[in-house]
Amino acid sequence: MITQPNAQHDVAEPLHPDDPCLSRDIISWCHRVADEPLPPSAVPGATLRQRRVLASLGGLAAALTEAATLDTNTWDRWPHAVASWAKSAPRPPLALVERARTAIEARGQTDVLAHLYERIVAGPNRRHLGTFFTPPPVLDYMIRRTKQVLSDRPDVVIDPGAGVGAFTEGALHHWPESQIHAVDVNIVTLGLLAARCAVLNSPNQPNFVHGDYLEWVTSIKSDPLKSRLIIGNPPYTRHQLLDRKTKEAAHAASGPLCPNGQAGLSTHFLAATLRALGPRDSICFLLPTNWLETRYAREVRKHLWELRNRTVQIHAFPHEAVIFPSAQVSAMIVIVGPEANKTQSMSYYSVAHGINQKFRVTRLANTQRKANCPPSFTVRALSGTLKKTGENRTPQSTLSSIAVVRRGVATGDNEFFLRRDSEVADLPKEAYVPALPTLRKVPEQDLTPAAHQVLGASGIRRWLLRLDNLPAEDEAVRALINEGEARGTPERYLCRVRTPWYAVERMSIPDVLIAPMTKSRFRVVQNLAGATPTNSIYGMRLIRRTDAVESARELVAWLRSDDGQQALLSIARRHSDGLFKLEPRALANLNVPIQ
């Protein structure tokens, strides 16, 4: 969960544990000297107040750099926009600079520069650039696993979307002889990274690139004589936050690997990097998990599947694991090795927290990719077998063989078509049928007639209007039609394509109802009240109608069981906020031990 910004300073995170007052004191100083803000394009998503503080923060980056080096050519190695940001800002007091330098050199478990940026730019504002900083244990795990895949040190290491440089610093430490490129569009984080490198005084200073990684990686040709490792945490920007220009550039870089406009920026980073990959190049990315299953990443997955002479590894963290302290994001790691002379495997690993901030790793699947690419990169799909726990090993049938699975009714305007008890009191009985807009408030384990009445007494809209088979001359019906026309319901999309506009689709009453989204367990109820669900609920109607009530009870019992819930979770898509979502087709193909 992303915490909300502090009302005084627009900050979001707790104080730095190694120097509890350091971040507060730096931000307070920035506020006191703040003058002209950075332009919105410099840090998209940041507020005016935050951009004023960020402008002042350039003085800290400059002071740290000036105190750490006597080289007058330092500014020449910085990108022009970054150097201008730093040199034009006022300098903080020397005591404050010294405290910041000490914290950077300490290299504690909390990165002082990342922590400072997170306190200034609140979580919701960081989403535009997808800025989430990688914790040291995750960084160490990624580097360690990458070293196991590589046969030698890389000649070049590239940190895409470098931020304040956790991966750049890791590369300086683990591959000190490699040429390192740190690429980012954010002048503030890139400047803080440059200041960090100056303080650490590494003999191998990175090449700082201020620009769009997608444009940069497509313009840099692979050298067949050099090996490149592209390792990092690409921006987690959702497609809804990308403007048209950024989307067009992202599609140009990704080419045929991301033809769908629903892909987020992190998936475009992966696709563009795969397209630019040379024979000796490798990838290690920390990504949201959703690309493993979504339709928009289908071509990316197919491309990875067909790289049969490269090792491909997927390392998945549990959805409840807190990878980024400032955001609830389900994360995974994908590693792609260099080309080999023979077919390599694709492996799926489960990664869980162990002791001493280390991770416990279990390989759950290993495939040689001889068959066609599976529809998703879940452990179930890659293993080709059922998991030993959470599922019946020998299911007798798919759900679609015993029931019709479909979404509930889409009315086009629930506020009009769904009615409370008081609103149907004067209507003919033929004008409405029992309905259910949500499973969350069903008071009993199943939707019984009594439970449906309780919903009505609590004010839930539990009746669906059926006006198309009634005479329009009826006074009550005419009044409803006039009401809908007055509120503009006929102009709504679904209503506009219906004749008449109030002819809501009819569906066979389902025997079982299931909520398609959850963060823990899926809610499943038996529909004993005969209610029509809305499209936020999925319905299952048994094909065999004899003893349908008993068969539905048996199905519901299994779906509620631990085995059933594990089976549902295994076919659900996992979204970046830890939410599991079922799709009707996947649900229909679920293996169930019910005949």
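Start by selecting H8 and H9, two helices that lie oblique to each other. This is a predicted model, and the tour begins at this pair before moving on to a sheet and a second helix pair.

**Stop 1: H8 and H9**

Colour residues 136–149 for H8 and residues 166–174 for H9. Their axes approach to within 11 Å and cross at roughly 50 degrees. An angle of that size is neither under 35 degrees nor in the 65 to 115 range, so the pair counts as oblique. Looking at the handedness, you will find that H8 and H9 make a right-handed crossing.

Now show side chains at the meeting point. From H8, pick Leu139, Met142, Ile143 and Lys147; from H9, pick Ala166, Phe167, Gly170 and His174. Sorted by class, this contact of H8 with H9 has five nonpolar, two polar and one charged residues.

**Stop 2: Thr146**

Stay in H8 and centre on Thr146, which has its place in this helix. Is Thr146 buried or exposed? Its relative accessibility is 1%, so Thr146 counts as buried. To see what surrounds it, select Leu229, Ile231, Cys284 and Ile335: Thr146 is in contact with these residues once neighbours within four places in sequence are left aside.

**Stop 3: the nine-stranded sheet**

Next, switch to a cartoon view and pick out the open sheet of nine strands. Walking across it, the order is S3-S2-S1-S4-S5-S7-S6-S8-S9, and the pairing is mixed. At the edges are S3 (207–210) and S9 (359–367), each of which pairs on one side only. On average, neighbouring strands of this sheet are turned by 20 degrees against each other, with direction ignored.

Zoom in on S1 (residues 156–160) and S2 (residues 179–184). These two strands pair in the parallel sense over five bridges. For a landmark, label Pro160 and Val183: Pro160 stands opposite Val183 in S2.

With the sheet still in view, add H10. This helix packs on the sheet and touches S2 and S3, and its direction makes about 170 degrees with that of S3.

**Stop 4: H2 against H10**

Keep H10 (residues 187–200) on screen and bring in H2 (residues 48–68). The two axes come within 8 Å and cross at roughly 20 degrees. That angle makes H2 roughly parallel to H10. The crossing in which H2 passes H10 is left-handed.

Which residues make the contact? On the H2 side, select Leu54, Leu57, Ala61, Leu64, Thr65 and Ala68; on the H10 side, Val188, Gly191, Leu192, Ala195, Ala198 and Val199. Colour them by class and the contact of H2 with H10 shows 10 nonpolar, two polar and no charged residues.

**Stop 5: strand S19**

Jump along the chain to S19, residues 538–542. This strand is mostly covered, with four of its five residues buried. S19 pairs with S11 (residues 403–407) in the antiparallel sense over five bridges. Select Arg407 to find its bridge partner in S19, Tyr538.

S19 also pairs with S15 (residues 512–514), again in the antiparallel sense, over three bridges. Here, label Leu513, which stands opposite Gly539 in S19.

**Last stop: the whole chain**

Zoom out to take in the full model. The chain has 23 helices and 22 strands. Of its 595 residues, 55% are buried. Among contacts between residues at least 6 apart in sequence, 74% join residues at least 24 apart.

Definitions and conventions: Residues numbered from 1 in each chain as written. Predicted model: local features only at pLDDT ≥ 70, side-chain atom pairs only at ≥ 80, totals over all residues. Heavy atoms only, no water. Axes fitted to C-alpha atoms, helices over the stretch in contact; angles between N-to-C directions. Parallel < 35°, antiparallel > 145°, perpendicular 65-115°, else oblique. Left-handed = near helix turned anticlockwise from the far one by under 90°. Contact = heavy atoms within 4.5 Å. Nonpolar A, V, L, I, M, F, W, Y, C, P; charged D, E, K, R; others polar. Pairing = 2+ DSSP bridges. Buried < 20%, exposed > 50% of the residue type's maximum accessible area, 1.4 Å probe, protein only.
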